[in-house]
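Me: I should like to learn how the features of a structural model are read. Please take them one at a time, beginning with the overall form.

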Amino acid sequence: MRKLYIIFFLTMLLVSCSDSPNGAVVSTELPAIYPDYKDVTIPSGIAPLNFNAVGNDVDEVYAKVKGSKGGEITAAGDYADFDVDEWHALTERNKGGRLTVTVSVKRGDGWTQYRPFNIFVSPYRLDAWGLTYRLIDPGYEVGGDIGIYQRSLADFNEYPILTEKAVPGRCMNCHTPNRTDPKEFTSQIRGENGGTLVYKNGKAVWLNTKTGPVKSAGSYASWHPSGRYVAYASNAVWQNFFTGKNENLEVYHTFSNIFVLDTETNQVILAPQLNDSNQEIFPAFSADGKSLFYSSSPKLNLPGEYEKVKCSICSIPFDAATGTFGTKVDTLLNGRRDNRSYILVRPSYDGRWLMYTVASRSNFPIAQRDADLWMMDLRTHRAWPLTECNSQQTESYHNWSADSHWFVFSSKREDGVHTRLYLSSVDDKGRATKPFLLPQQNPWKYYHAQFKAYNVPDFALTKVNLNMHQVARDILEGKRTQVTVRK
Amino acid sequence: MKYIQRYWKIVVSVVFAIAVAVFWALPAVSLLSYHEQYQLFLFTADYFRERLAVPGGLADYIAEFITQWNYIFVVGALLLALLFFVFQRLTWRIAKGEEAADVWYPLSFVPTILMLAYMCDANVMPSFLVALVLVQLLMLLWQKVACGANSVVRVAFIVVVLPLSYWLLGPVMLVLAAYIFIYVLANKSRRLSPWIAIGTAIYAVATVLVVAQFRPEPLYRLFGGLNYYRFPAYIPWPQVAMMTLVAVFPFLLRLLPAAKAKIAIPIQIISVVAGGCALVFFSFRTIANEIIDYDYLVRMHAWGKIIEKAEKKQPTTPLEVSCVNFALSQKGQLCDRLFEFYQNGGEGLFPTFTRDMLSPISTGEIFYTLGMVNDAERYFFEAQQAIPNFRRSGRLCQQIISCEIINGNYSVARKLLHELSHSLFYSRWADERLAMLGNEKKINADPVYGRLRKFRVSKDYLFSDTEMDQMLGLVYTHCYQNRNAYEYLMAYELVQRDMTKFMEYYPIGRFAGYTDHIPYAIQQALVFDWTQRHGSFDGMPYSIEPQWQQLMVQFIQAYMSNREDPVLSTPPLSNTFWNYMLINKRKAKGTKKESKEVY
């Protein structure tokens, strides 16, 4: 062990004064690294963008990072593993500037120094403690070891919020905070003693939202900015499987409607436009809370007519003072006319942008390979694809940071099966930057041994403090407050 | 005589261990396979760390290390027998420490036999046995400490060993605590303070309660064991009974009075052997184990043995029936011998998907062989997902990887192969597949992958288990070399008693390449259909062998005169489509319903 330390020390001594180890052959090529962090834009204070050199023949990696506004750090070893504090200091110093990364790789006896690449440090801070997400095997029907987790963005620490270990046999989904603030959040538990958890001001309320016209418990949710109302989709999700070569499965809903819960009275508010035979799904309150966006597709005979599911993006006025919906529904994007499906609308919290997914069909975008992210300027209603963020595989399930300059989304670009989280920023003109994969201590090792998919990501302004044991007890106890329908 | 007196105990123990090894290696070999296929032991530091991160993790790690050897069943059986041997010997050593008389040695087999019977439940994890053995070692150590050391060492032992053993072995620590408790109270002559007993009890419970503050699992699981039973939410009462027995057994033996060896020993041996055999026999002969046996035979591709097994005892559950039909298809006998075996409709060919870890495996194998690779992958994946303790499965990983390779999803396959390459028995297979990835020529030349790539239909369509015939029709018409798909299609219509569709699909069999004879069940159905519309066999356009015409006549005569005629329920007439179509209709419906609950 001591020998190793001496070798490491000597290596560091040799390389500390230059861009690469002595005698390195200079290559004009860019280094092959995992993850691809070349030319990505990051927020200051993010966890170090550690990376691995790709290839089985790599013996050692040496990386030197220089800031355009000063500062320099290095990492050497099996992979580029930067010191967290040094990295934070460097990114803070170079906010609005760039980091130039020079990578040298040792194979056998010789070092190769590659062409440097840049990492841009955004002038916009990322106003979040971390991320919340669900980890789930990318399966079909059987849930397996599901868990909702939170992850600090400043380092690599992950903490469980609620896992299958605490509540065996239950499915938990859609942890939804109010504008990323976990002081108010809602979540669903399915299975025996299932229910809807509404957490506000340190108090957890368990509700049974199934009542009368609300045929199933709430699923995809969105908080009204006031914190009083939560809009939920109420639906029955089904899957069918393809026999063939190309696609795996089709996810569809046999019905889907939207209701709003008044968390002060535990009453549900229904609007006929959101509870008809069409399928209304993925509700999202606008930044000012005066309207509710959602996707809508006409009634079809499913699964037979699965190819005809084309969602439009609509909005309906909502008056928070009276808790009532308006009558006029606006169609922002018409799926049937455009022969596309516009799904999972997410207005930015500053009211400027509308991000959504576009796929050739379906109202469950994560299962559609051609699902891409698009953006609309809510001032002009001009829309465009986020080409910087899209790939040949699925991009979906996106959420904004509280300051609306960053967004997180999931993508299956690595292998077409396992969704991973990417972060990107948006400038004042709505231009997105090249996204970066959620950093990990040893990214190759982590992501190649991680067989679970990241699901339903969102930002967390602060760490979620939820007593898992209490939640488990509440679930087992099964006491639920029955909601009523507001007349 | 001297030697006998000196070594009889160890000889009896060795004989017992051999019997246990034979039990695991022969009748219970399928249970070894079952355990092995629901874990994937990896030689990585992360795997070790992951195990040790939970209470009972060391016992799990050791047990999983041992269980991986079940891949070579004989070695697995020997290792398990060794564990039972050690368990029994330690039971005796502890009892001996409590001054049990040698004459009661045969009784020391009782906990071991009970454990063996308990382990006939395939979901009892070897972890539990490993944990019990290790805790017995600690019980022995306590005997030494209690006798030889001073009170500081005794207290130190309790303070250190109880929490440590809880973390490494799990709640069998409570066995140690209970043993110490009784030991202190039962050995007053050793002048141990009763406060040690009280303190031990409180400390043991407190240890679990403290751990509970840092663990997500509910308290009852932390007291009952996280991985002693495969279904984590369930703590079986025999487990609690076993734990209690291990703690109190040494003191029970001590209570027995002295007895004459010449009488007591043979009586004990006879009683223990007879009682033990009966107990293990009845614990082992369960429907669940029968199903596991079928799954094992499918895993081994032991088609002949499956058919033999079914010939001895007709299967009844959908899974068993589907395994028999699968074996028949692999032997090329599906449509020849279909009705020699019990049939329960389409369920017996493609059991309805259930969210468990066993039944989707053999169904997945059926889809895989038919070239319905996506469906097979789904079933394999779901089976792995359904493993209640969330372990991964070497067998299922292999199958999933094969599906990914056939479908050309190399990045996912590579990822899974890298994982498998850290295992002992799957690494070679994984390395071979890794070398194959991306090499289309090599994959297409592979006898299995190449064939299945040809069988896959090129257009995507939605799977529907209520329209299996349409799917089989598509699969077969996509590639006429896939005769198996045609036989499944024909068998499906026959067991569904759908003559209209049978007659509709029958003609496409002309591409299947039958040169010897039309499969017998198909001949029977053709004759049946003909006789429904004609008064004689004259002009029948099919190549029906005379024997079927004669039997049909015989069947009609018997059926028309007396439907209860015994000749109808004895071969050869009982083994015909006509019998299934006309006589067994009601019976089949009843049995299908009954057989639903097994898995």
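**Reading the two chains**

Reply: The radius of gyration, taken over C-alpha atoms, can be set against a globule rule of 2.2 Å times the number of residues to the power 0.38. Chain A has 487 residues, for which a compact globule would have a radius near 23 Å, and its own 24 Å agrees with that. Its C-alpha trace spans about 80 × 50 × 50 Å along the principal axes. This is a predicted model, in which local features need pLDDT of at least 70 and side-chain atom pairs count only at pLDDT 80 or more, while totals for chains, interfaces and linings use all residues. Residues are numbered from 1 along each chain as its sequence is written, and chains are lettered from A and ligands numbered from 1 in the order in which they are written.

Me: What is the mean pLDDT of chain A, and where does pLDDT stay under 50?

Reply: pLDDT is the predictor's confidence in each residue, from 0 to 100. The mean for chain A is 92, with 96% of its residues at 70 or more. Residues 13-17 of chain A stay under 50, and the model has seven contacts for them beyond four places in sequence. Two residues are in contact if their C-beta atoms, placed from the backbone, lie within 7 Å.

Me: How many helices and strands does chain A have, and what percentage of its residues count as buried?

Reply: Helices (H or I, at least four residues) and strands (E, at least two) are DSSP runs, numbered from the N terminus. Chain A has five helices and 36 strands. A residue is buried if 20 or more other C-beta atoms, placed from the backbone, lie within 10 Å of its own, exposed if 12 or fewer, and partly exposed in between. In chain A, 47% of the 487 residues count as buried. Of its contacts between residues at least 6 apart in sequence, 57% join residues at least 24 apart.

Me: Into which domains is each chain divided?

Reply: Domain bounds come from an automatic or database domain assignment. Chain A is divided into domain 1 (2-121) and domain 2 (130-477), whose C-alpha centres lie 37 Å apart. Their contact takes 19 residues from domain 1 of chain A and 17 residues from domain 2 of chain A. Chain B is divided into domain 1 (2-285) and domain 2 (293-455), with 36 Å between their C-alpha centres. Here the contact takes 17 residues from each of the two domains of chain B. Helix α2 (residues 29-37) of chain B gives the most to the domain 1 side, with four residues.

Me: How many residues does each chain bring to the contact between chains A and B?

Reply: Chain A brings 32 residues and chain B 31. β18(A) gives the most to the chain A side, with four residues. By class, this side has twelve nonpolar, eleven polar and nine charged residues. Ala, Val, Leu, Ile, Met, Phe, Trp, Tyr, Cys and Pro count as nonpolar, Asp, Glu, Lys and Arg as charged, and the others, Gly among them, as polar.

Me: Which strand of chain B is joined to β18(A)?

Reply: Two strands pair if DSSP finds at least two bridges between them. Two bridges join β18(A) to strand β1 (residues 461-462) of chain B, and the two run antiparallel. T243(A) stands opposite Y461(B) in β1(B).
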